[in-house]
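The following report considers confidence, core packing and one helix in turn.

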Amino acid sequence: MAGGGEGRAPKRRGLPSGIKNKVKRGEVHARVQQEKKKEKKQRVLKRKKEEEAAVALGEAPPPKKIPRTIEGTREVDDTLVRPDDQELQAEEAQDEFSGHFARAVAPKVLVTTCRRPSKGLLRFVAELLGLLPGAHFYKRADYAVKQMVQYATARGFTALLVLHENRKRPNGLLLVSLPAGPTAHFRLSSLKLRADIPGAGRPTRHIPELILNNFSTRLGLRVGRQLASLFPQAPQFRGRRVVTFHNQRDYIFVRHHRYIFEERGGRKGGADPGAPVLARLQECGPRFTLKLLSLQKGTFDSKAGEYEWAHKSDMDTSRRRFFL
Amino acid sequence: MPRFSTLPASGCRPIRLITADELGYVKVVESRGQNAGPPEVVARWGDGGRGKGVERMQVTSSGPFGGLVTVARSDQTVELLDIASGQPHASFIATPLQTNGNKPSANTLNPATSQDAVRGIHLFQQPTEEAVQVLTCSRGGAVSQWKVPPREDGGAGGAASTVAEWGVGSGVESLAVDHKEQSLVVGGKGLDATLWSLETRAKLWQAKNTRPDALGLQTPVWVTQLLFLGGDGNRVLAATGHHQLRLYDVKAQRRPVMVMEYGELPIWSVAEDPSGHVVYAGNSTGDIVSFDLRTGTKSGGFPGSVSGSVRSLAVHPTEPLLASVGLDRFLRIHNTQTRQLQAKLFLKQQMVACAFDTDPARQPEEAEPPVEDEAASDDDDRPMRHVAASDSGRDDDGDLEEEEGASGRKRKSDKVGRKSEKRARSTKKHEEEEMDSDEEAWDDSDSDEEEGFGERKGGRKTEGRKTGESNQKRKKSRRNDDEDSKGEGFDGEQFGTYSDEESEEEGLPKKKRKSRSTGQSDSGRKGGRPRGKGVGVSDKRRISIGKKKSHKKRT
């Protein structure tokens, strides 16, 4: 670090970690943090004042700053497809999910686990059955996935969900669309069941609404369509149930909520008819995160199947490269 | 140490490619050279839709009926399209009449299971009786030879009729016809490569599976693609779903003469290099590798191939280019010599096939480099196309080359391309002997560049004025000379151009400088980089050229 007048100020402000005395270091650190906080507060206040002043004068407020995030600066991706793309529409009109989206096929999902599931996994399955309206649980017993694919196809199922666990923690989800595929393999993490979510409610049996966020690339659209094909097309809005698949940086966050509109402007039921309508959420669970590992054409065949996309380690050379 | 640790992107030469996809589109992709940016889709033929997906495609760049693209669709329609315009010449449904014992399946529309799905197609290059002849093979094993009579207006067309049909065994996945069109080979799941005569329609040869391994286990037969190697029709290469490449010699034996393994996943596509001893293979997670048939070993992979199954590989007959398409919806073009990815293009659909259109008349014109400096702008008779291209911002990798007329452009770019390849090779191996043959080219292009900069001082062009590895060569030759004759004047002569500048700059007496430079070059050789102010002449020169080069790369 260069000494001298110019170098001293940032040193004092920014680097209390260089101080060897622990007590002193703590003091300095606290002071620095306080200063930072103060500065930030002042910045915010100043900005607010400017905005207010501009509004009062009838001018346009200064433009809001857009934070520079990792996904905001993602690498240029050729595969971002516009929804009005003619070729995209032509393909979606005849792909594996076209029947579902044309409301010709109702979803019917077979849910099963790995062999000898733990109690925890079965609890997750139970909550998943509450999440998916057309889901049926079958014991895995000793059947292979290929056998189950055959079985489920013959009985008119449209998807097969296999849940895996490692050391009693659910860690994988295999989603096979039937009868023609594709097969998506997800890593499952950050699972929270209803009991672990404070204030969580029990879901009703209404058909939920579906929110799919940020599935923007060609691969993302395909995965999004596959996930959407698990749910019936006509939501019952009475139930105010929403299932969200939110993609952010290739992680798909799955959430399940019930919403309510507070029309009186507050929970206490204050008698102000002009107050804005508030929307409140209650989470219903389960809550988990999915990460796509591979997407294989056709039904499950790990040896002879052709991959549309499979994660490879050399894809992880940039933090700003996303595939969904 | 190689001085060019990263290769400058040499771009993709002017090429024309035909691709086909699962939705049923046939797309024409053109690259207009390295100055024109990435390749583009210039035409799209056909309407995609259910049952229209392309299963097999064959491209014949030239022939008695002109260039034709033959596509077989999943509803068993075979279409002949004009390669230039995409106009359909003929179309017929290639459902076999009667197969030898193979029952036609009930579900004929599902190409994944249908026994009638077209698994192989071939358009005969030698027409008989003024008609185009097409060979198709169904999965059920019915090989049908179709005759498509000419239309009234002269093109191929009219109602197709079956000339012959015979059964070759069920489970066919691939069909190949040799270059002389005397025999065909089929193979598939449960059907090992089988050679049939096209004249007598008799079985000539059938492959035999490899011997069981030490555990007594036999690799099941699953041929995914077949290829005739060379022109003699004796060598057959089979890619298998059990991650093997099997090379058969029909004249030698029934078992493969060579088995090469790659990875653990099915190999879906193979292609042969024009050199005759290299083959390329692509597997179901998008890895592309090359094998040397002389040693039977993998000679390298192709980086930048991402993740989707490689469905088709195509090698350019004259240029060192390898095109690949697959389920990741990209077309990728690699240089087979440097192994670098030269261009890629998102084609939106899951691709099935690609092939080069090699007819010289249909090759796109090479785009010219953008206008860069003042010296170049006096070239007023530049074609409009070039100006438009640079205006639209397509050319942004502009080379600081000296501008030439449109006629000289092609020759020049070839030279640049050669140069980059050569550079790549020699940085790896320092093959100095090879450089001798190309020295003139080096001199030419170099002087061009420098005129473009317009700031050369001592105008004498000597052998020493070279960039890149010729510099190393120079050093080496000089070293040899030193050892031989202690640099009797040769040194001074060779670097005469610079000695003037150098003595002016450093103010050293000529004699002193000369002796010093020889000593310096020695130390430079040992220590890698010369240190201090007394940089040897050659080193100084090298640095300045290096700067110029890097500048050229950046702009």
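The pLDDT is the predictor's confidence in each residue, on a scale from 0 to 100, and a contact is a pair of heavy atoms within 4.5 Å. This is a predicted model, in which local features need pLDDT of at least 70 and side-chain atom pairs count only at pLDDT 80 or more, whereas totals for chains, interfaces and linings use all residues. Residues are numbered from 1 along each chain as its sequence is written, chains are lettered from A and ligands numbered from 1 in the order in which they are written, and side-chain values use heavy atoms, with hydrogens and water left out.

Chain B has a mean pLDDT of 70, with 59% of its residues at 70 or more. Two stretches of chain B fall below 50, as tabulated here with their contacts.

| Stretch of chain B | pLDDT | Contacts beyond near neighbours in sequence |
|---|---|---|
| residues 1-9 | below 50 | 20 contacts |
| residues 424-555 | under 50 | 158 contacts, beyond four places |

The largest nonpolar core (buried Ala, Val, Leu, Ile, Met, Phe, Trp, Tyr and Cys residues joined through side-chain atoms within 4.5 Å) has 37 residues, and among those touching the most other members are Phe186(A), Val223(A) and Ile252(A). Val223(A), leaving aside residues up to four places away in sequence, touches Phe186(A), Phe215(A), Ile252(A), Leu292(A), Leu295(A) and Leu324(A).

In helix H6 (residues 145-154) of chain A, the buried residues (under 20% relative accessible area, 1.4 Å probe, protein chains only) are Val145(A), Met148(A), Val149(A) and Ala152(A). Because these cover an arc of only 105° around the axis, they lie on the same side of H6(A), while Gln150(A) and Ala154(A), on the other side, are exposed (over 50%). The buried residues pack against strands S1 (109-113), S3 (159-166) and S4 (169-177) of chain A.

Definitions and conventions
Helix = DSSP H or I, 4+ residues; strand = E, 2+ residues; numbered from the N terminus. Arc of directions from axis to C-beta.
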